[in-house]
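Open your viewer and get the selection box ready. We'll go from stop to stop, and at each one you'll pick something and see what is there.

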Amino acid sequence: MALAGSRCALLLSTILLMTAVASGAKLSKYHYYRTCPKLETVVRNKVNDIVNADLGMAPGLLRLHFHDCFVRGCDASVLLDSSSNSAEKDAPPNFGSLRGFAEVDAIKATVESACPGAVSCADILALAARDAVVKVGGKYWSVPLGRKDGFTSSLVEANTSLPSPFMTFPQLVENFAAVGLNAKDMVILSGGHTIGQAHCAVVIPRLYNFNGVAGATDPSLDPTFANFLRTLCPSDEPLTFVGQMDATNGTFDNKYFKAVKSRRGLFSSDAALITNSFGRRIVNIAAKYPGSFLKDFGKSMVKMGKIGVLTGSAGEIRQVCSAVNSS
């Protein structure tokens, strides 16, 4: 009985999230036309300064928005602190690897100076992700605005909701479908790895004793590339930084898909994209037509940015992004 109730609650939550994706919860690119008309310029200038100072913040800001939207929707819950270390940022998929919290605080402070109490942290995350991508070579897309900030952040929900770098193609499809995104969205959004960075912990299981077989390497990895990765990632150094995920790391382009086609994707989930005929077709198109990928990426980002949004009285506009407003 309890299990049935839990399944019903999960189904209802998924339906509500997908409904919010479909409707966009009345977001609009003109939302701040009166209350903060220069918002996009303010955010863009600050993001440009941040990325100029640290190129690694481009993937950091993109990943923050992604990880926010997949847990409770795009409500800036990923930014909330917890005195008991039980917030989303404390979850294993985020802790120690998710970057950009201080930078978002800096963007928020700049926005507050221009437009006090007007702009949500959730909208700042969406704009900062877009501007970071554009700064390193991506194509501009219009960001619908009007999100409110949420009140709750859960480590448990982050653990169960975020996609894993070890997922298979069916698992990835299921994970994205749970928040209203389809298989094409999943493959295209994986292209964000073109500016991604990684630690050896996610690569080592593919290089040494794969699937528990002594001396085995993941056969889906190009052998030459696997040998190169071993020089970067000794089996006993999981915290070592791999760095690049494609040949032009630091530039937002379609080279990631070329790497995946060549069996040079870092993650198991990268390799999984070409284990399915539909996935292979999307990868091949993205690898061949860079303009098509950049356009599709913007479309999927807009769709992702509408997941489970709070509007109106359902949320708030935080004064500080790391804490809910005091009552």
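Which residues in helix 7 meet helix 8, and which residues in helix 8 do they meet? Before you look, keep in mind that this is a predicted model.

**Stop 1: helix 7 and helix 8**

Select residues 169-177 for helix 7 and residues 183-190 for helix 8. On the helix 7 side you'll find Phe 169, Leu 172, Val 173 and Phe 176, and they meet Ala 183, Met 186, Val 187 and Leu 189 of helix 8. Sorted by class, this contact of helix 7 with helix 8 has eight nonpolar residues, no polar ones and no charged ones.

Now turn the view until you can see how the two helices cross. Two packed helices are described by the angle between their axes and the distance between the axes. Here the axes come within 9 Å and cross at roughly 105°. That makes helix 7 roughly perpendicular to helix 8, because angles of 65 to 115 degrees count that way.

**Stop 2: helix 13**

Next, select residues 277-288, which is helix 13. Try a ruler check: at 1.5 Å a residue, its twelve residues should span 16 Å, and the end C-alpha atoms are indeed 16 Å apart.

Which residues of helix 13 are buried? Colour Gly 279, Ile 282, Val 283, Ala 286 and Ala 287, since those are the ones. Look down the axis of helix 13 and the buried residues fall within an arc of 130°, so they line one face of the helix. On the other side of helix 13, Ser 277 and Lys 288 are exposed. What do the buried residues pack against? They pack against helix 7, helix 8, helix 11 and helix 14, so two of your partners from the previous stop turn up again.

**Stop 3: helix 2**

Move on to residues 39-53, helix 2. Its 15 residues should span 21 Å at 1.5 Å a residue, and the end C-alpha atoms are 21 Å apart, which agrees. Highlight Leu 39, Val 42, Val 43, Val 47, Ile 50 and Val 51, which are buried in helix 2. Seen down the axis of helix 2, the buried residues fall within an arc of 155°, so here too they line one face of the helix. To see what covers them, add helix 3 (57-69), helix 4 (101-114) and helix 5 (121-135), which are among the covering elements.

**Stop 4: helix 5**

Keep helix 5 on screen. How many of its 15 residues are buried? The count is 13, so helix 5 is mostly covered, with buried meaning under 20% relative accessible area. The ruler works here as well: the expected span of helix 5 is 21 Å, and its end C-alpha atoms are 20 Å apart, which agrees. Step just past the end of helix 5 to Gly 137, which takes a positive phi of about 115°.

**Stop 5: helix 3 and helix 14**

Bring back helix 3 and add helix 14, residues 290-304. Their axes are 10 Å apart and the two helices pack at an angle of about 45°. That makes helix 3 oblique to helix 14. Show side chains for Leu 62, His 65, Phe 66 and Cys 69 in helix 3, which meet Phe 297, Met 301 and Met 304 in helix 14. By class, this contact has six nonpolar residues, one polar and no charged ones.

**Stop 6: a few loops**

Click on Leu 55, in the loop between helix 2 and helix 3. Leu 55 is partly exposed, with a relative accessible area of 47%. Leaving out residues up to four places away in sequence, Leu 55 touches Val 136 and Gly 250. Leu 55 and Gly 250 are 195 residues apart along the chain, yet their C-alpha atoms are separated by 6.8 Å.

Then try Asn 85, in the loop between helix 3 and helix 4. Is Asn 85 buried or exposed? Asn 85 counts as exposed, at 53% relative accessibility. Beyond its neighbours within four places in sequence, Asn 85 is in contact with Asp 90 and Leu 155.

Finish with two residues that have a positive phi although they are not glycines. Asn 209 has a phi of about 50° and sits in the loop between helix 9 and helix 10. Arg 263 has a phi of about 60° and lies in the loop between helix 11 and helix 12.

Note on methods: Residues are numbered from 1 along each chain as its sequence is written. This is a predicted model: local features need pLDDT of at least 70, side-chain atom pairs count only at pLDDT 80 or more; totals for chains, interfaces and linings use all residues. Side-chain values use heavy atoms; hydrogens and water are left out. Helices (H or I, at least four residues) and strands (E, at least two) are DSSP runs, numbered from the N terminus. The expected span of a helix is 1.5 Å times one less than its number of residues. Buried means under 20% relative accessible area, exposed over 50%, partly exposed in between (1.4 Å probe, protein chains only). The arc is that of the directions from the helix axis to the C-beta atoms. Contact means heavy atoms within 4.5 Å. Axes are lines fitted to C-alpha atoms, for helices over the stretch in contact, and angles run from 0 to 180 degrees between N-to-C directions. Angles under 35 degrees count as roughly parallel, over 145 as roughly antiparallel, 65 to 115 as roughly perpendicular and the rest as oblique. Ala, Val, Leu, Ile, Met, Phe, Trp, Tyr, Cys and Pro count as nonpolar, Asp, Glu, Lys and Arg as charged, and the others, Gly among them, as polar.
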